[in-house]
Amino acid sequence: GATRADVAPSTLGVGVDRGGALPKVDDRGYDLLLTAAREAPRPWIGVSWESYAQVQNFRGRKSITAAEFSTLTSTPGASFINLQFPNPHKYEVAKGATQDIPEGVVTLPGVNLKNDVAKIVRLMSQMDHVVTIGNTLAHFCGAFGFRATVMLPSVPDWRWARRDQDFLWYQTLQFVRNNTQENWTEPLRQVKANLMKSVIKPASE
């Protein structure tokens with residue numbers, strides 16, 4: 001895929017993939033998925049915006065509302081592909097919890113975003129870039145060497161460290177850290193600007 005990187009191992013020697021095999025999937029099902037994806041114009045930017053951490057306070061700090069995330073996914077010139085896994089907590093779903101999808105996000109048929117991990121990773125390998133919060137998808141991107149932007153709250157999970165220079169696990173991740181707990185306006189503006197420079201090309205090109 002366009003975002004796969006052959007990168008040097010981190011100084012700790014963990015977390016980075018140098019071209020190892022991707023998970024095996026049913027070829028026919030995967031081909032049908034890619035056929036559906038090709039109806040969306042390039043570049044493809046995979047997105048995930050919500051956490052389902054058990055601790056509600058932590059979940060709230062990590063997550064970005066669909067309405068706010070829409071300020072990114074409504075950007076013209078790219079297809080934003082849904083990689084967001086649904087709510088895994090049955091008791092919340094039973095109480096009527098729903099998942100809002102940001103404006104402009106394309107949900108592809110034929111992939112179970114909750115349980116089909118192999119197909120999700122294969123799909124991620126086809127993305128031109130991934131934008132996600134600090135969740136499982138971010139670890140997938142780092143472990144398989146996919147280039148991604150990871151959006152982190154002002155006080156992130158310990159795994160992501162407090163400063164970029166202190167993070168040593170993955171070499172293909174770019175971090176955008178929020179400096180406030182009020183909203184994600186500035187980080188989303190920064191991510192959009194970065195994508196416009198490096199991923200989303202002007203219509204005239």
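Here is a short chat about the fold of this predicted model.

Visitor: Let's start broad. How many helices and strands does the protein chain have?
Guide: Reading from the N terminus, the elements go α-β-α-α-β-α-β-α-β-α-β-β-α. In total, that comes to 7 helices and 6 strands.

Visitor: In what order do the strands sit in the sheet?
Guide: The sheet is open and its pairing is parallel. Its edge strands, each pairing on one side only, are S3 (105-106) and S6 (173-177). Going across, the order is S3-S2-S1-S4-S5-S6.

Visitor: Which strands pair with S1, and over how many bridges?
Guide: On one side there's S2, where Trp-44 has Ser-79 as its bridge partner. On the other there's S4, where Ser-48 stands opposite Thr-132. Both pairings are parallel: S1 and S2 share 4 bridges, and S1 and S4 are joined by 4 bridges.

Visitor: Which residues of S1 are buried on each side?
Guide: In a regular strand, side chains alternate between the two faces of the sheet. For S1, 5 of its 5 residues are buried, so the cut-off of under 20% relative accessible area is met throughout the strand. One side has Trp-44, Gly-46 and Ser-48, and the other has Ile-45 and Val-47.

Visitor: And which residue of S5 is the bridge partner of Ile-133?
Guide: Ile-133 belongs to S4 (residues 129-133), which runs parallel to S5 (residues 148-152) and is joined to it by 4 bridges. The partner in S5 is Met-151.

Visitor: What angle does the direction of H3 make with that of S1?
Guide: Helix H3 (residues 66-73) packs on the sheet. There it touches S1 (44-48), S2 (79-82), S3, S4 and S5. Its direction makes an angle with that of S1 of about 165 degrees.

Visitor: Why is H3 largely enclosed by the rest of the structure, and which of its residues are buried?
Guide: H3 counts as largely enclosed because 6 of its 8 residues are buried. Those buried residues pack against S1, S2, S3, S4, S5 and H7. By name, they are Ala-66, Glu-68, Phe-69, Ser-70, Leu-72 and Thr-73.

Visitor: Over to H5 and H6. Is their crossing left-handed or right-handed?
Guide: H5 (residues 117-124) and H6 (residues 136-144) pack at an angle of about 65 degrees, and their axes are 11 Å apart. As for the hand of the crossing, it's right-handed.

Visitor: How many nonpolar, polar and charged residues make the contact of H5 with H6?
Guide: H5 brings Val-117, Ile-120, Val-121 and Met-124, while H6 brings Leu-137, Phe-140, Cys-141 and Phe-144. Sorted by class, that gives no polar residues, no charged residues and 8 nonpolar ones.

Visitor: Is Asn-178 buried or exposed?
Guide: Asn-178 is found in a loop, between S6 and H7 (185-198). Leaving aside neighbours within four places in sequence, its contacts are Leu-152, Pro-153, Ser-154, Asn-183, Trp-184 and Pro-187. With a relative accessible area of 5%, Asn-178 is therefore under the 20% cut-off, and the word for that is buried.

Visitor: Which backbone oxygen lies 2.8 Å from a polar atom of the Asn-178 side chain?
Guide: The residue in question is also among the contacts of Asn-178. The oxygen at 2.8 Å is the one of Asn-183.

Visitor: Last one, for the whole chain: what percentage of residues count as buried?
Guide: As background on contacts, take those between residues at least 6 apart in sequence: 72% join residues at least 24 apart. Of the 205 residues, the share that counts as buried is 49%.

Note on methods: Residues numbered from 1 in each chain as written. Predicted model: local features only at pLDDT ≥ 70, side-chain atom pairs only at ≥ 80, totals over all residues. Heavy atoms only, no water. Pairing = 2+ DSSP bridges. Helix = DSSP H or I, 4+ residues; strand = E, 2+ residues; numbered from the N terminus. Contact = heavy atoms within 4.5 Å. Axes fitted to C-alpha atoms, helices over the stretch in contact; angles between N-to-C directions. Left-handed = near helix turned anticlockwise from the far one by under 90°. Nonpolar A, V, L, I, M, F, W, Y, C, P; charged D, E, K, R; others polar. Buried < 20%, exposed > 50% of the residue type's maximum accessible area, 1.4 Å probe, protein only. Polar contact = N/O pair within 3.5 Å; in protein donor to acceptor, adjacent residues only side chain to side chain.
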